[in-house]
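Biologist: Please take a close look at one part of this model, its nonpolar interior. Then set that part against the rest of the chain.

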Amino acid sequence: MHIFPPFQRQAALCLALAWALLAVLSPWPADCNAKPAREAAKPIYKGQRQPVDHRKDKLPAAPLGMQQAVERALGHSPSLGSQEAQSRASEEARKSTIGAFGPKLGMTYSAIKQERKTEPASTRAAEYGTYSWGVEVSQPVFQGFRLLANYQKAALQADSDLAALRNAELSTTQQVQAEFLACLAAEELVKSETESLGRLRDQLRITQAFHEVGLRPKLDVLQAEVDVSQAENVVIQAENTRDTAYAKLNTLLGFPAEARLTYVGQLKYVPFGKSLESCLKTAYAKRPDLYVANKAVEIAKKDQTLAQSGYYPRIEAYYNINQRGNTPDLQIKGNNGSRSSTWEVGVTASWDVFQWGVTWFDDKRAGWLVTKMRQEEENLKLNVGYEIKSRFLALREAEKRIGVAEKGVAQAREAYQAALARYQEQVGTNFDVLDASSNLNRAQASLTSSRADYLTALSQLYYAMGEFHPDLLKP
């Protein structure tokens, strides 16, 4: 505007007219600022995720519990960062569609130089060329509901992506909890196998002492040595399993796999009092993927509305002003010079009356896609019901196994003490002691597995219900 000072007044007038047309003619959507009937699930993590720079990221000095591990993963997971970026992009797309309801302001400037010899001279081209400057304001009045459907579709997509982000956060939470429990179970298994190795070493020393005084044959000593060697191999394998689990958990939390971190927690029974019917009700109300499926149906309906917009005429109002002159500042100079100013206001309407069924068949196509989305939503609901029941039954099964395993450990420990006492009194055999020790080791492993399976099933059930419980070890 500083290039053409004489026309600042006209430009200001055009801008004022644009806002006036926006207020009077624009079919602004009635639900633009209204909240949907059911709000999308809000993301768990507050704030914006940033990529992790391992060179600057300091390792935590304090031990990490399950809740701290989940919070770390939610804030630093690259996959969640990608999903968050998609959600923010959808929100910006929604805002972009709002601009289509308002007027459009355009400006043009052209310079043309012609050489033409004609008689009489008054009809010749201007000596300094021809220059023009124009401003046009256009406002859509009716576009066959296309603008409204575009906005509503973008708003639904933004809602859907928010719910998808929460669903991804719940999935990440479940993965972290499963790996955290795997680490605790591996740690318990190492302790159990180390304890078993200690028992076998004690038994070897006792057997060697008996053999030296002639109370036990050499075969018993050899068998005890073999059992110690096998137990040492099992301990090595258990330690490798534990270290691998810790590396996997480090990776999920955004730490280097080789980082040495301390994770604290204990496998224990945490009561769960909800019934199957309550779990199903919670899942149908809270699961983000069900919300996403519902929004997919509504988005498909808006696509059908867009397809149907071809049935209607398109109406647009406009106002333009154009000035011409034979100098860059649009003034009159030299021979054959001229200056003109025109303005125009009007309404245009266009209607594709016949297109060989293009709109008709596009409408039918969109209608079938709506049906497809509805069927997929119903199928997801059925799968949710099955998933909830299977997770619930797995939880109850693991709960019963804990009670049986606890009794088994107590009985196996008592049997081992009895076999060891009989062996020391020269009543039992070395094989009785080794067999009792093996049974005790299996009972301890079964108890550890039952507790880990119970907590893992609990984590999976919470995920299936769409609930966020960062720390399963708290009642």
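Modeller: Two residues are in contact here when heavy atoms of theirs lie within 4.5 Å. The model is a predicted one. With that cut-off, and leaving aside residues up to four places away in sequence, Phe272 touches Cys279, Phe392, Leu395, Arg396, Tyr454, Leu458, Leu461, Tyr462 and Met465. Phe272 is also one of the residues with the most contacts inside the largest nonpolar core, together with Leu253, Tyr263, Ile388 and Leu461. That core has 48 residues. The elements that give it two or more residues are α2, α4, α5, α6 (276–286), α8 and α9 (430–465). The biggest share comes from α9, with 9 residues. Another core lies apart from this one; it has 14 residues, including Ala412, Val433, Ala443 and Leu447.

The frame around these cores can be given briefly. The protein has 9 helices and 4 strands, and from the N terminus on they follow the order α-α-α-β-β-α-α-α-α-β-β-α-α. Of the 475 residues, 41% are buried. Among contacts between residues at least 6 apart in sequence, 84% join residues at least 24 apart.

Helix α2 (residues 66–76) is one contributor to the largest core. Its buried residues are Met66, Ala69, Val70, Arg72, Ala73, Leu74 and Gly75. They pack against α3 (78–98), α4 and α5 (218–252).

Helix α4 (residues 146–212) holds Arg199. Is this arginine buried or exposed? Arg199 counts as buried because its relative accessibility is 9%, and the limit for buried is under 20%. Its side chain makes a polar contact of 3.3 Å with the side chain of Ser437. Beyond four places in sequence, Arg199 touches Tyr416, Ser437, Leu440, Asn441 and Gln444.

Further along α4, Arg205 forms a salt bridge with Asp202, and their closest N and O atoms are 2.0 Å apart. These two are 3 residues apart in the helix, so about one helical turn separates them. Asp202 is partly exposed, at 37% relative accessibility. A pair with the same spacing in sequence occurs in α8, where Glu399 and Arg396 lie 3 residues apart, about one turn of the helix. The closest N and O atoms of the Glu399–Arg396 salt bridge are 3.0 Å apart. Glu399 is partly exposed, at 23% relative accessibility, while Arg396 is among the residues that Phe272 touches. In an α-helix there are 3.6 residues a turn, so residues three or four places apart point the same way.

The count of salt bridges comes to 22. Glu187, Arg242 and Asp243 are linked in a network of them. Another salt bridge joins Asp352 and Arg314, with 3.2 Å between the closest N and O atoms. Asp352 sits in the loop between β4 (340–350) and α8 (358–424) and Arg314 in strand β3, so this pair ties together parts that are 38 residues apart in sequence. Both partners are partly exposed: Asp352 has a relative accessible area of 34%, and Arg314 has a relative accessibility of 24%.

The loop between β4 and α8 also holds Trp356. Trp356 is not a glycine, yet its phi is positive, about 60°. At 72% relative accessibility, Trp356 counts as exposed. Gln426, in the loop between α8 and α9, has a positive phi as well, of about 65°, and is not a glycine either. Gln426 is partly exposed, with a relative accessible area of 34%. Most residues other than glycine have a negative phi.

Nonpolar side chains also appear outside the interior. The accessible surface of the protein is about 26,600 Å², and carbon and sulfur atoms account for 55% of it. Phe145, Tyr311, Tyr312, Trp360 and Phe361 form a nonpolar patch on the surface, with about 540 Å² of accessible area together. Tyr312 lies in the loop between α7 (288–308) and β3 (314–325). With a relative accessible area of 34%, Tyr312 is partly exposed.

Conventions
Residues are numbered from 1 along each chain as its sequence is written. This is a predicted model: local features need pLDDT of at least 70, side-chain atom pairs count only at pLDDT 80 or more; totals for chains, interfaces and linings use all residues. Side-chain values use heavy atoms; hydrogens and water are left out. Patches are made of residues with over 30% relative accessible area and no salt bridge: like charges are joined within 9 Å, nonpolar side chains (Val, Leu, Ile, Met, Phe, Trp, Tyr) within 5 Å. Accessible areas come from the Shrake-Rupley method with a 1.4 Å probe; for residues, only the protein chains shown count as cover. A salt bridge is a side-chain nitrogen of Lys or Arg within 4 Å of a carboxyl oxygen of Asp or Glu. Buried means under 20% relative accessible area, exposed over 50%, partly exposed in between (1.4 Å probe, protein chains only). A polar contact is a pair of N or O atoms within 3.5 Å; within protein, one must be able to donate a hydrogen and the other to accept it, and residues adjacent in sequence count only if both atoms are side-chain atoms. A nonpolar core is a set of buried Ala, Val, Leu, Ile, Met, Phe, Trp, Tyr and Cys residues joined through side-chain atoms within 4.5 Å.
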